[in-house]
Amino acid sequence: MLRIAVIGFYYGVFPDWMPYWLRSCADNETIDFFLVTDIGIGNVPGNVRVIEMSLQEVKQRAEAKLGMEVFLQQPYKLCDFKPVYGVIMDDYLKEYDYWGHCDFDLIWGDIRRFAEMYHLKEYDKFLPLGHLALYRNTDKCNNYFRLDGSRCGDYKAVLTQNENFAFDETDGIYSIYEHNGLPMFTKRIFAEIKTFHKRFRLKACDRNYKHQVFYYEDGKLYRAYEKNGRILAEEFIYMHFRRKLPANAEIDWKTIKAFYITPDGFVEKRRGMPALDEIEMYNHNSGWIVELWETVKFCSRNISKIKSKVENEFLALKQNRG
């Protein structure tokens, strides 16, 4: 069996939903998780290893491993370092066949099941985005970030500037793999939620249903949905909910086996397929008119930002010419 480790860095204050992240880690018994932080944390599952390390220590470690100065003053900048963790944290990861980087605003499904179903060992990079990506743990693969092909800048430019280049996403490490023809698994086997709708909807490139709800049960992550009068279920490797969710003080995360993940937080669930009224209760669909209006508002805000940025760039160019 392939040995897999997933590593994440977190600084500041742990989010309310952290216990649910840990719950889903615990049920992935054959996967090891490394949590690098300087925040005190209580009991964690046996397969979660806490590494006490300040952000300044991470910076010093990165510079020593890479042989160059890097810019790492704020935690958000760590997104650009994700594809480099195989080098920066090599002494922690040396016993594993694959290592991965992750986000924390998500709930894990059965990682091992999907890795085996889609033949992880055939790929040097498994999954396309920064929420979770697994890399073959060899010296050669761990240094692919140095290759040409990044559309957001080469690694030296990315790691030495304050700006967030999203080097862990499609314009960064994904583009390097694509440009160099490296074996990469890109199928969207995860649930990535849009941020601007009240109810949970997957991104436009994925299929949505009028009635759908997301839930965790016995170590697996599902979407239940209504189609042609039947309630069906679809399993995902993880759900990236991409928003702040409150915890439910009435739930004991250490013992709970099933819960809904809703736009308003976490709700304990009875085992078994949800009924239609439960689907509607925990992920209410206000109708296409409301969701169209939510889309229009989102697009309007972004157009305003783009317009403002263009105007500022134009003004700067004009002043420089003057």
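The following paragraphs describe the overall form of this protein and then two of its loop residues. The model is predicted, so that local features need pLDDT of at least 70 and side-chain atom pairs count only at pLDDT 80 or more, while totals for chains, interfaces and linings use all residues. Residues are numbered from 1 along each chain as its sequence is written, and side-chain values use heavy atoms, with hydrogens and water left out.

The protein contains 11 helices and 15 strands; these are DSSP runs, numbered from the N terminus, with helices (H or I) of at least four residues and strands (E) of at least two. Its C-alpha trace spans about 60 × 55 × 40 Å along the principal axes. The radius of gyration is 21 Å, which agrees with the value near 20 Å for a compact globule of 322 residues; this radius is taken over C-alpha atoms, and the globule rule is 2.2 Å times the number of residues to the power 0.38.

Of the 322 residues, 51% count as buried. Buried means under 20% relative accessible area, exposed means over 50%, and partly exposed lies in between (1.4 Å probe, protein chains only).

Two residues in loops deserve attention for their backbone angles. His-119, in the loop between α6 (111–117) and β6 (125–126), has a positive phi of about 60 degrees although it is not a glycine. His-119 is partly exposed, with a relative accessible area of 44%. Ala-166 lies in the loop between α8 (155–159) and α9 (170–179). The phi of Ala-166 is also positive, near 55 degrees, in a residue other than glycine, and Ala-166 is partly exposed at a relative accessible area of 29%.
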